[in-house]
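Visitor: Could you walk me through this one while I look at it? I'd like to start with how the strands are put together and then move on to the charged side chains.

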Amino acid sequence: MVYKFRVILDAEEDIFRDIAIQQDDTLEDLHNAIFNAFGFDGMEVASFYTCDETWNQEDEISLFDTGDEPGEQKIMSDYALSDLLDAQNTKIIYVYDFIQMWTFLVELAAIEEPQVGESYPALLFSHGEMPDEAGEKIFEAENADDLYGDYDDDYDEEDLDNLDNGGNFEDFGFEENWN
């Protein structure tokens, strides 16, 4: 069978590519098809992330084994597309170049019989021009305004003066160490 994906750049403009690839190909093959379809040189590190139906990022599957023990971490070449994606599990996130953070939403749009005479992977459709730079990513916790969350230790500034039996930070000689 052939998997047909729509790969959408996470940007304000509509920029996407439709790619067909065999279901037995690996995530590494899909990685190669994506960076070629979007005009990257393939020299940067990339990862796929499993996700739920609302694109919430879950487990990372990297291009290279970055674990402490060789072989400890599964990598893209270890996974056939059909291992992770099917009619019920259709979404995966792809990040290329961890400096620029090009982020793509990859969705399985169809599973079809292969076309006679067609070679895969194949770029089926291209829409939109790639920008020169990836859009700025903002990483913010859900409760960013609440620095300590639900935690409150009941200490305030006056409590700091009561450290070490009434001493304070000046008593430790910090001032003279900074001069």
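Visitor: Okay, which residue in β5 is the bridge partner of Ser47?

Guide: Bearing in mind that this is a predicted model, the bridge partner of Ser47 in β5 is Val95. The two strands concerned are β3, residues 46-51, and β5, residues 91-96, which pair in the antiparallel sense over 5 bridges.

Visitor: And what is the strand order in the sheet?

Guide: The sheet is open and has 7 strands in the order β4-β3-β5-β6-β1-β2-β7, with antiparallel pairing. At its edges are β4 (57-62) and β7 (122-127), each of which pairs on one side only. From one strand to the next, the twist averages 25 degrees.

Visitor: Switching to charges, how many salt bridges are there?

Guide: The count comes to 3 salt bridges. In general, side chains of opposite charge can pair when their charged atoms come close.

Visitor: What does Glu112 pair with, and where do the partners sit?

Guide: Glu112 forms a salt bridge with Lys4, and their closest N and O atoms are 2.6 Å apart. This pair links distant parts of the chain, since Glu112 is in strand β6 (residues 102-112) and Lys4 is in strand β1 (residues 2-9), 108 residues apart.

Visitor: Why does Glu112 count as partly exposed?

Guide: Glu112 counts as partly exposed because its relative accessibility is 29%, and that class lies between the 20% and 50% cut-offs. Lys4, at 25% relative accessibility, also counts as partly exposed.

Visitor: Which acidic residue does Arg6 pair with?

Guide: Arg6 forms a salt bridge with Asp18, with the closest N and O atoms 2.7 Å apart. Arg6 lies in strand β1 and Asp18 in strand β2 (residues 16-22), so the salt bridge ties together parts that are 12 residues apart in sequence.

Visitor: Is Asp18 buried or exposed?

Guide: Asp18 counts as buried, because its relative accessibility is 14%, whereas Arg6 counts as partly exposed at 32%.

Visitor: Then what about Lys91, which residue does that one bridge to?

Guide: Lys91 forms a salt bridge with Glu53, where the closest N and O atoms are 3.9 Å apart, and the cut-off for counting a salt bridge is within 4 Å. Lys91 is in strand β5, while Glu53 is in the loop between β3 and β4, 38 residues apart, so this pair too links distant parts of the chain.

Visitor: How do Lys91 and Glu53 compare in relative accessibility?

Guide: Lys91 counts as buried at 15% relative accessibility, and Glu53 counts as partly exposed at 47%.

Definitions and conventions
Residues are numbered from 1 along each chain as its sequence is written. This is a predicted model: local features need pLDDT of at least 70, side-chain atom pairs count only at pLDDT 80 or more; totals for chains, interfaces and linings use all residues. Side-chain values use heavy atoms; hydrogens and water are left out. Two strands pair if DSSP finds at least two bridges between them. Helices (H or I, at least four residues) and strands (E, at least two) are DSSP runs, numbered from the N terminus. Axes are lines fitted to C-alpha atoms, for helices over the stretch in contact, and angles run from 0 to 180 degrees between N-to-C directions. A salt bridge is a side-chain nitrogen of Lys or Arg within 4 Å of a carboxyl oxygen of Asp or Glu. Buried means under 20% relative accessible area, exposed over 50%, partly exposed in between (1.4 Å probe, protein chains only).
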